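Me: Please take a close look at the aromatic ring pairs in this model. I should like a connected account of how the rings are arranged and where they lie.

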Amino acid sequence: MLSLFVFCFIQSQIFAYCIHNLIQAANFFIFEIFRSSSKLLNTFTGHTSPVWSIDYSAFGDDQFICSGSGDRTVRVWDVETNKQIKSFNGHSGEVYCVKFSQYHYYNNCRSVICSSSDDQTIRFWDIKDNQQLQVFNGHTQFIGCISFSLFNDGRYLCSGSGDNTVRLWDVETSKSLHVFNGHTDVVTCVDISPLQCNNNTNNKSNNIGGNGHTICSGSDDRTIRIWDIETTKQLIIFKKHKNYVHSVKYGSNELGVNGGANTILSGSEDKSVRLWDIRSGQQIQVFNGHTNSLSCVEYSPFVVNNIEVGSNSNVICSGSWDNTIRFWDIRSNKNQLYVIKGNGKIYNGITCLTFQPLKKDRKSDKDIGCGINLCYGSSNDPIQIWG
């Protein structure tokens, strides 16, 4: 009987390990492992004002985190050494958003960061050559948000501004292609769809690469708007938020998120996280629990253990000025999975977050660690790594 028990136990462990590897091979990571084993791993210090934005990217064998801050600097951190390697000081105002430019890497093998600022400019910085490459001018107020296209190797960039507009730029030519007008207040967040939408229209094309893709934007006018890149027309307005919209994200078919690129996640000053269906134009879910304004929302690469292999990612997360990051089961309005709490004596609120996949997530065959870290910024300057 004991031998049979041991045999069954070993078989169950092998099965669990295989399931774990299958999920990770599909770009998913088991949430229960992250929740049970994660802890604060590192803190990047150097900024002297709130960290408003962070981004992660791997260029070849190098892994970087970049950050933008109220101290007007863009900083670059080496993930392997946990050291700051660059600081760019060209902005004359607070840096509100930073993104790594895949376009420059794919086309020119250059590691480049794009940043937007209160100084009404968008700037590009070459990490290796330590120089500014490009400056985009056109907005007449601060630029609080930017997002690159996933099509055409990231050639297109959209931006949202305090001048109430969304702009689309061609990174290759450094030209503004279109100005989207419709919001009646500050545009606080933007994103570009990862896949073509199902919009059927006979309007004349403007010949921008990636026909059928859309832009979503959130605003202090409490609305989320969907814009067709090809026709430049406004398609949908979501109006259920009761206060300023601070963050919007398209779902990703690459991660297998329920609904894929046909869903949008949003966070608001009204303390709620909401999920929207683009096809129906309706709100799907509302997640309540935060006690202060939302600063950021993300679809995560996590799955909970009780799903079938091959199912979609079902965990989303949100950061708030209540100094917590909360994880939610996308299938339930009420199922809050986990809360990470900042140190209230030091940090005043979560301002931004991103996920950092690990190149070497297992030190041995017996170690089936989570395989991904969570990076987040705070309003009191440190960048924290949790994993």
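Reply: The model is predicted, and it holds 23 aromatic pairs. One of these is formed by Phe31 and Phe34, whose ring centres are 6.2 Å apart with 35° between the planes, a tilted arrangement. Both residues belong to helix α2 (residues 31-37), where they are three residues apart, about one turn of the helix. Phe31 is buried because its relative accessibility is 1%, under the 20% limit. Phe34 likewise counts as buried, at 1% relative accessibility.

A second pair to examine is that of Tyr96 and Phe142: the ring centres lie 5.8 Å apart and the planes meet at 70°, so the pair is edge-to-face. Tyr96 is in strand β7 (residues 95-100), whereas Phe142 is in the loop between β10 (131-137) and β11 (143-148), so this pair ties together parts that are 46 residues apart in sequence. As for accessibility, Tyr96 is partly exposed, with a relative accessible area of 22%. Phe142 is partly exposed too, its relative accessible area being 26%.

Returning to the helical pair, Phe31 and Phe34 also belong to an aromatic cluster, together with Phe302, Phe327, Tyr338 and Phe355. The two pairs thus give two pictures: Phe31 and Phe34 both lie in helix α2, while Tyr96 and Phe142 lie in a strand and a loop, respectively.

Conventions. Residues numbered from 1 in each chain as written. Predicted model: local features only at pLDDT ≥ 70, side-chain atom pairs only at ≥ 80, totals over all residues. Heavy atoms only, no water. Phe/Tyr/Trp six-rings, centres within 6.5 Å; stacked < 30°, edge-to-face > 60°. Helix = DSSP H or I, 4+ residues; strand = E, 2+ residues; numbered from the N terminus. Buried < 20%, exposed > 50% of the residue type's maximum accessible area, 1.4 Å probe, protein only.
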